[in-house]
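Subject: Handover of a structure and the findings from it

Dear colleague,

Please find the structure below, passed on to you together with an account of what was found in it. I would be grateful if you would keep the structure open while reading.

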Amino acid sequence: MEEGTRLAPAIIGTLASQGITEVEVYAPARIVVATGGAEIGGQGAASIPDANAPMIAALCREYGIEIVAFVRTNDDPGILRSDLEGVVRVYQPDAIVTSGGVSHGKFEVVRQVFEEDGWFGHVAQQPGGPQGLSKLGSVPVICLPGNPVSTLVSFRIYVGPTLGRARAAHTAQVTVPVTGLEGRDQFRRGIIDYENGIATAELFAGTGSHLISQAMSANALIRIPAGAQLQPGDVVEVIPF
């Protein structure tokens, strides 16, 4: 077994058959997850269910990251800072991951709390342009955008490989003509299939950051370079979920 191999059941059985009862492993990263907003997860007609907290929890399980606490955000930066300082004292996490509240605006509470000690801006990608990096004391804070697909894409690209174990990117051939966006790489959801030893990338229609249900059957992100003019058979980078 090479370093980084996940201990699947067959591997554990093989080790046991050789009398190997202990191996050296990586400890999972321990994180605090902060999601929400005043309109998220509450009661009443104006409230919106919190899709991002359970989605991030599932992503963490997939990539071997341990969540030690969840924190709900509202529109009060003082309360958010106090809540996060409290869980940091109790759990001593390796990092904090937030979702939402990072764009320009009067009520972008995450940005209000962390901008002084970090960086917030736009990266040249779609979805997931707004991003942030900061710290709370000595704890790194990774600030993701709040639209569900933007959270999904950003977590897969930045958080999963950094704090956990994610499958390596590879290449595939697009099956239809594709035009890239000017000035931004695009991460399209789609299906990677294999035929006669050749990997093909089928892109889903619809690119909106709110279309989380449209991503349900996707098994990869397909990276379309900025300004690209691709024809069937052209090779692109694909990032498996």
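A residue is called buried when its relative accessible area is under 20%, exposed when that area is over 50%, and partly exposed in between. Arg81, at 29% relative accessibility, is therefore partly exposed. Please bear in mind throughout that this is a predicted model.

Overall picture

The protein has 241 residues, of which 42% are buried. Its secondary structure consists of five helices and 14 strands. The C-alpha trace spans about 60 × 55 × 35 Å along its principal axes. If one takes the contacts between residues at least 6 apart in sequence, 64% of them join residues at least 24 apart.

Salt bridges

Side chains of opposite charge can pair when their charged atoms come close. How many salt bridges does the structure hold? There are four salt bridges, and three of them are described here, beginning with the one that involves Arg81.

Arg81 is joined to Glu85, and the closest N and O atoms are 3.7 Å apart. Both residues belong to helix H3 (residues 77-91); because they are four residues apart there, about one helical turn separates them. Glu85 has 31% relative accessibility and so counts as partly exposed.

A second salt bridge brings together the side chains of Arg223 and Asp185, with 2.9 Å from N to O. This pair links distant parts of the chain, as Arg223 is in strand S12 (residues 220-224) and Asp185 is in strand S10 (residues 185-195), 38 residues apart. Is Asp185 buried or exposed? Asp185 is buried, since its relative accessible area is 17%, whereas Arg223, at 31%, is partly exposed.

Arg223 also forms a salt bridge with Glu237, where the closest N and O atoms are 3.4 Å apart. Glu237 lies in strand S14 (residues 235-240) and Arg223 in strand S12, so this pair ties together parts that are 14 residues apart in sequence. With a relative accessible area of 31%, Glu237 is partly exposed. Asp185, Arg223 and Glu237 are thus members of a network of salt bridges.

Aromatic rings

The structure holds one aromatic pair. The ring centres of Tyr63 and Phe155 are 6.3 Å apart and the ring planes are at 20 degrees; planes under 30 degrees apart count as stacked, so this pair is stacked. Tyr63 is in helix H2 (residues 52-63) and Phe155 is in helix H5 (residues 148-163), so the pair ties together parts that are 92 residues apart in sequence. Tyr63 is buried because its relative accessibility is 3%, and Phe155 is buried because its relative accessibility is 0%.

Another ring, that of Tyr26, has Arg165 over its face, at 4.3 Å from the ring centre.

Nonpolar cores

Phe155 appears again in the largest nonpolar core, which has 26 residues. Which members of this core touch the most other members? They are Ile31, Ile65, Phe155, Val159 and Leu221. Two or more residues come from each of strand S1 (30-36), H2, strand S3 (95-99), strand S7 (139-144) and H5. Of these, H5 gives the largest share, six residues.

The surroundings of Val159 can be listed as well. When its neighbours within four places in sequence are set aside, Val159 is in contact with Ile65, Val97, Ile142, Leu144, Ser154 and Gly164. Another core, of 20 residues, lies apart from the largest one and includes Val32, Val68, Leu80 and Val139.

Strand S6 and its partners

Strand S6 (residues 130-136) is mostly covered, with five of its seven residues buried. S6 pairs with strand S4 (residues 119-122) in the antiparallel sense, over four bridges. His122 has Pro130 in S6 as its bridge partner.

S6 and S7 also run antiparallel, and five bridges join them. Gly132 stands opposite Cys143 in S7. These two strands form a hairpin with two residues between them, and Gly137 in the turn has a positive phi of about 65 degrees.

Yours sincerely,
A colleague

Definitions and conventions: Residues numbered from 1 in each chain as written. Predicted model: local features only at pLDDT ≥ 70, side-chain atom pairs only at ≥ 80, totals over all residues. Heavy atoms only, no water. Phe/Tyr/Trp six-rings, centres within 6.5 Å; stacked < 30°, edge-to-face > 60°. Buried < 20%, exposed > 50% of the residue type's maximum accessible area, 1.4 Å probe, protein only. Lys NZ or Arg CZ within 6 Å of the ring centre and 35° of its normal. Core = buried A, V, L, I, M, F, W, Y, C linked by side-chain atoms within 4.5 Å. Contact = heavy atoms within 4.5 Å. Pairing = 2+ DSSP bridges.
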